[in-house]
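Subject: Structure for you to take over

Hello,

I am handing over the structure below, with notes on what was found in it. Please keep it open while you read.

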Amino acid sequence: MCVAAARMTIFTSPVHRLIFLRNSRYNRVIPYRSFTMGFNTEKVPLSAPATKSLEDLSKALNVYPFDCTMYAENRNRVVKKFQENRFVPKHSLLLLQGGSSPTRYETDHEPLFRQESNFAYLTGVKEPDCFLTIDVETKDSTLFIPRLPAEYAVWMGKIRSCEDFKQEYKVEQVKYVDELHSFIADYDPEVIYTTRGYNADSRRYAVEAKFEGIEQFRVDNGVLYQELVKCRVIKTKKELHMLAHINRISSEAHIWVMRNIHPRMTEFQLESMFQHYVYFHGGCRHQAYTSICCSGPQGSILHYGHAGAPNDKVIGEDQICLLDMGAEFRCYTSDITCTIPSSGVFTEDQKLVYNAVLATQRKVMETMKPGISYVDMHRLAYEVVCDRLLQIGILHNGSLEELMQANLGAVFMPHGLGHFMGLDTHDVGGRPKHSEFPDQSKPGYASLRCCVVLEPGMVLTVEPGIYFNDYCLDTALASDCQSKYINESVLQRFRGMGGVRIEDDVIVTTTGIINMSQCPRDVDDVEATMKGEEWQIEKVDAQIDSEL
């Protein structure tokens with residue numbers, strides 16, 4: 001935004017100078033803080049409004065209460081599967097090891113700890129270096145905590161007792177980790193079940209629990225992981241309410257970014273605003289994943305925001321910005337993508353692509369219900385994308401059937417339609433054994449992280465997109481079977497635009513879906529919200545209770 005095009009009012013304070021700019025084009029008030037960056041003085045929008053009072057602070061908080069019964073229900077679901085398995089001896093134990101607290105490389109710096117997901121699913125325990133056993137016959141749970149030295153209290157605070165942990169996490173008993181071996185030896189289980197299952201999504205193995213002397217016992221490390229995956233795929237109502245809350249906080253944060261974005265900001269400032277909002281209002285100390293904040297051409301890079309491209313470009317006028325950001329709370333995640341115009345209004349070409357993606361998402365969402373294959377939904381997304389690109393004129397000289405046969409959808413949407421979501425952004429269970437399908441080796445289809453038939457209680461993302469990625473386009477233009485369908489002269493108008501993705505998190509119900517994400521989606525609604533008009537966020541808790 002040109003400073004000369006704005007009316008300026010200057011306020012002074014002992015600490016800093018605030019400059020409020022009124023954008024004459026969109027009638028938005030923009031707070032700016034002056035500071036020196038390198039050799040140039042830049043004016044960067046404030047990332048947060050001032051809070052007027054303690055009462056305002058308390059009203060701003062929206063932290064989801066801890067519910068230990070949710071984790072007890074999760075434990076009972078897992079144990080029930082073992083009790084119903086006739087090959088599992090009754091006198092057996094389930095054994096899980098929580099996450100450890102490592103240091104960064106050779107230093108003593110401790111990165112912020114995040115609990116291992118399966119351990120979090122069964123306990124809700126936030127502390128590192130713990131173990132859990134569950135008695136298959138009685139369902140009794142025993143939590144094992146580290147025995148800390150007395151001087152711990154100097155650096156880390158009061159040492160909590162076993163009784164403290166028992167009261168917080170509502171397990172049957174709590175002991176110290178150094179008592180684990182004797183506890184198991186006294187119990188003398190016929191089998192100890194540990195987790196060393198294969199995560200087909202990450203293509204890595206889960207780390208199984210180990211302690212000194214475990215080799216003295218009979219261990220089965222294959223069954224427990226698979227049963228955990230089956231339970232995590234179908235969420236309980238308590239989990240769904242938690243996920244809906246996190247989606248609400250993340251939706252609010254996306255809307256706040258929409259209302260504060262301006263050209264000449266840097267992409268990482270959008271990331272910063274989002275992180276501030278979800279932490280300040282929702283207590284979300286963790287992000288579900290590294291934020292993807294793309295402006296202009298960067299929007300064609302699917303996982304932009306990594307260490308080599310750390311959301312550090314300056315946002316230009318009339319660029320389209322793809323913002324993929326989600327908060328995490330108590331290890332439960334959200335995953336939302338909004339695509340918005342940097343100047344507050346879409347250009348005509350941006351509208352064409354945006355509406356094509358929105359039509360794709362809506363067609364998929366209105367089709368989703370139990371019994372539908374998500375592979376078929378991915379294929380449906382490609383059909384709508386190709387049909388819309390035909391209407392725009394980027395594709396030509398072929399029928400929809402011919403375009404699908406040539407796999408043109410994967411040129412413009414090289415990723416899968418969506419993935420499971422829950423305790424991990426790419427949650428477990430999306431690629432179960434024997435989920436092969438005919439097109440699974442083709443580009444685009446090979447990246448699909450959810451290859452299952454939909455069931456009530458599943459939570460997954462619906463995230464179609466259209467991208468103008470130079471590698472994908474150049475590869476297609478060099479291909480005889482694809483290039484004949486691409487209208488290069490029209491395509492040139494869109495090269496450099498970047499990409500559009502619209503991503504929402506949905507729950508599969510008995511009859512269809514519930515969309516937990518609450519961001520404005522229609523072009524008119526996005527533009528109105530960016531101008532400061534009110535956007536109503538609806539709670540979906542009543543729907544969850546009535547439709548599942």
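A nonpolar patch on the surface is formed by Val154, Trp155 and Met156. Together these residues have about 440 Å² of accessible area. Please keep in mind that this is a predicted model. Val154 belongs to helix H4, which covers residues 152-156. Val154 counts as exposed because its relative accessibility is 64%, and the cut-off for exposed is over 50%.

For the chain as a whole, the exposed area is about 25200 Å², and 51% of that area is supplied by carbon and sulfur atoms. The chain has 548 residues, of which 52% count as buried. Its secondary structure comes to 18 helices and 23 strands. Among contacts with a separation of 6 or more, 72% are between residues 24 or more positions apart.

Next, helix H14, residues 470-477. Which residues of H14 are buried? They are Cys472, Leu473 and Ala476. These three cover an arc of only 95° around the axis, so they sit on the same side of H14. Their cover includes helix H13 (409-412), helix H15 (480-483) and helix H16 (488-494). At the start of H14, Asn469 has a side-chain oxygen within 3.0 Å of the backbone nitrogen of Tyr471.

Two single residues are also worth a look.

The first is Ser250, in helix H8 (residues 237-260). Is Ser250 buried or exposed? Ser250 is buried, because its relative accessible area is 0% and the cut-off for buried is under 20%. Leaving aside residues up to four places away in sequence, Ser250 touches Phe274, Val278, Gly326, Ala327, Ser334 and Ile336.

The second is Gly213, which is found in the loop between strand S11 (204-205) and strand S12 (219-220). Although Gly213 is in a loop, Gly213 is buried, with a relative accessible area of 4%. How far apart are Gly213 and His181 in space, C-alpha to C-alpha? The distance is 6.9 Å, while in sequence Gly213 and His181 are 32 residues apart.

To find these places in the viewer, you could start from the exposed Val154, then turn to the buried residues of H14, and finish with Ser250 in H8 and Gly213 in its loop.

Regards

Methods
Residues are numbered from 1 along each chain as its sequence is written. This is a predicted model: local features need pLDDT of at least 70, side-chain atom pairs count only at pLDDT 80 or more; totals for chains, interfaces and linings use all residues. Side-chain values use heavy atoms; hydrogens and water are left out. Buried means under 20% relative accessible area, exposed over 50%, partly exposed in between (1.4 Å probe, protein chains only). Helices (H or I, at least four residues) and strands (E, at least two) are DSSP runs, numbered from the N terminus. The arc is that of the directions from the helix axis to the C-beta atoms. Contact means heavy atoms within 4.5 Å. A polar contact is a pair of N or O atoms within 3.5 Å; within protein, one must be able to donate a hydrogen and the other to accept it, and residues adjacent in sequence count only if both atoms are side-chain atoms. Accessible areas come from the Shrake-Rupley method with a 1.4 Å probe; for residues, only the protein chains shown count as cover. Patches are made of residues with over 30% relative accessible area and no salt bridge: like charges are joined within 9 Å, nonpolar side chains (Val, Leu, Ile, Met, Phe, Trp, Tyr) within 5 Å. A salt bridge is a side-chain nitrogen of Lys or Arg within 4 Å of a carboxyl oxygen of Asp or Glu.
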